[in-house]
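Me: I would like to go through this structure and ask, for each label, what justifies using it. Please set each value against its cut-off before you conclude.

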Amino acid sequence: MDWRRKRQIRNLVDGILELNTLHRPPIELIPAIMKQRGIVLEERDEDDEEFCGVYMVVKQAKIIFVNANLRTSRKHFTIAHELGHHYLGHPLQNGAIICDSDSVFGKNKPEQEKEADYFAACFLMPENLVKRKRTEFFNDCPKQTTLFPADQQLEQQHQLQRYLSDYFEVSMEAMGYRLDELKLG
């Protein structure tokens with residue numbers, strides 16, 4: 001995905017979140033956004049570990065199904081990813097876009113899956129709020145001195161990642177990628 005497309009997606013997400021992300025994690029906004037867009041969210045108890053989620057349109061009904069057995073942080077990312085397909089207007093195949101573990105974690109991830117991932121990252125972890133919470137963390141974090149400064153820095157980075165992933169209700173891995181992308185890691 002080129003920088004122009006990333007900027008378009010970031011601007012779209014910023015517009016969606018503009019009034020809402022000043023004081024709370026965006027995951028709290030999903031029910032209101034779904035209602036506003038007329039999207040129904042259903043959790044399905046799927047034994048299939050490959051199934052993460054699906055965005056589908058049946059007649060006029062817009063539905064996001066998500067595997068109820070996913071970890072909460074993974075479920076949040078999947079819901080935001082499926083919202084990304086909706087907002088980005090990705091073409092449906094037979095009325096749906098199905099996200100299984102191959103399309104999510106596969107080596108040859110289709111471009112629309114990369115775009116939906118980027119949408120989810122920008123949506124769940126908006127740059128301005130990540131920066132603000134990072135600053136709060138370092139302001140509240142006691143300054144320590146140690147004989148091994150590199151170890152301290154690594155531990156502090158891990159604590160920051162944990163703090164932010166807990167706040168935004170995303171996985172440590174997702175937060176690590178986001179911090180790297182924002183050059184805050």
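**Labels and their grounds**

Reply: Let us start with Proline 91, which lies in the loop between α3 and β4. Please bear in mind throughout that this is a predicted model.

Me: What makes proline 91 count as buried or exposed?

Reply: Its relative accessible area is 57%, and exposed means over 50%, so proline 91 is exposed. Along the sequence proline 91 and glutamine 112 are 21 residues apart, while their C-alpha atoms are 9.0 Å apart in space.

Me: Which value of phi does asparagine 94 have, and where is the residue found?

Reply: Asparagine 94 is found in the loop between α3 and β4, the latter covering 96-100, and its phi is near 55 degrees, a positive value in a residue other than glycine. With a relative accessibility of 85%, set against the limit of over 50%, asparagine 94 counts as exposed.

Me: And how is glutamate 169 classed, by its accessibility?

Reply: Glutamate 169 has 32% relative accessibility, which falls between the limits of 20% and 50%, so this residue counts as partly exposed. Glutamate 169 lies in the loop between α7 and α8 (172-181), and although it is not a glycine, it has a positive phi of about 60 degrees.

Me: Turning to the aromatic rings, how many aromatic pairs are there?

Reply: The count comes to 5 aromatic pairs. In one of them, phenylalanine 137 and phenylalanine 138 have ring centres 5.2 Å apart, within the limit of 6.5 Å, and planes at 80 degrees, which is over 60, so the pair is edge-to-face.

Me: Why is the pair of phenylalanine 137 and tyrosine 163 called tilted?

Reply: The ring centres of phenylalanine 137 and tyrosine 163 are 5.4 Å apart, again within 6.5 Å, but their planes stand at 40 degrees, neither under 30 nor over 60, so the pair is tilted. Phenylalanine 137 belongs to helix α6 (residues 127-140) and tyrosine 163 to helix α7 (residues 149-168), so the pair ties together parts that are 26 residues apart in sequence.

Me: What does accessibility say about phenylalanine 137, phenylalanine 138 and tyrosine 163?

Reply: Phenylalanine 137, at 11% relative accessibility, is under the 20% limit and therefore counts as buried. Phenylalanine 138 has a relative accessible area of 22% and tyrosine 163 has 29%; since partly exposed covers the range between 20% and 50%, phenylalanine 138 is partly exposed, and tyrosine 163 counts as partly exposed.

Me: Which residues do ring pairs link into a cluster?

Reply: Ring pairs link Tyr87, Phe119 and Phe123 into a cluster.

Me: How do you know that the charged end of lysine 133 sits over the ring of tyrosine 167?

Reply: The charged end of lysine 133 is 4.2 Å from the centre of the ring of tyrosine 167, where the limit is 6 Å, and it sits over that ring.

Me: How many disulfides does the structure hold, and are cysteine 52 and cysteine 122 buried or exposed?

Reply: The structure holds 0 disulfides. Cysteine 52 has a relative accessible area of 3%, and cysteine 122 has a relative accessible area of 3%; buried means under 20%, so cysteine 52 is buried, and cysteine 122 is buried.

Me: What makes α1 oblique to α5?

Reply: The axes of helix α1 (residues 3-17) and helix α5 (residues 111-124) come within 9 Å and cross at roughly 40 degrees. Roughly parallel would need an angle under 35 degrees, and roughly perpendicular one of 65 to 115, so α1 is oblique to α5. Their crossing is right-handed.

Me: Why, then, are α2 and α3 called roughly parallel?

Reply: Helix α2 (residues 30-37) and helix α3 (residues 72-88) pack at an angle of about 30 degrees, with their axes 12 Å apart. That angle is under 35 degrees, so α2 and α3 are roughly parallel to each other. The crossing of α2 and α3 is left-handed.

Me: What makes aspartate 117 count as buried or exposed?

Reply: Aspartate 117, which lies in helix α5, has 16% relative accessibility; the limit for buried is under 20%, so aspartate 117 counts as buried.

Terms used. Residues numbered from 1 in each chain as written. Predicted model: local features only at pLDDT ≥ 70, side-chain atom pairs only at ≥ 80, totals over all residues. Heavy atoms only, no water. Phe/Tyr/Trp six-rings, centres within 6.5 Å; stacked < 30°, edge-to-face > 60°. Buried < 20%, exposed > 50% of the residue type's maximum accessible area, 1.4 Å probe, protein only. Helix = DSSP H or I, 4+ residues; strand = E, 2+ residues; numbered from the N terminus. Lys NZ or Arg CZ within 6 Å of the ring centre and 35° of its normal. Disulfide = S-S within 2.5 Å. Axes fitted to C-alpha atoms, helices over the stretch in contact; angles between N-to-C directions. Parallel < 35°, antiparallel > 145°, perpendicular 65-115°, else oblique. Left-handed = near helix turned anticlockwise from the far one by under 90°.
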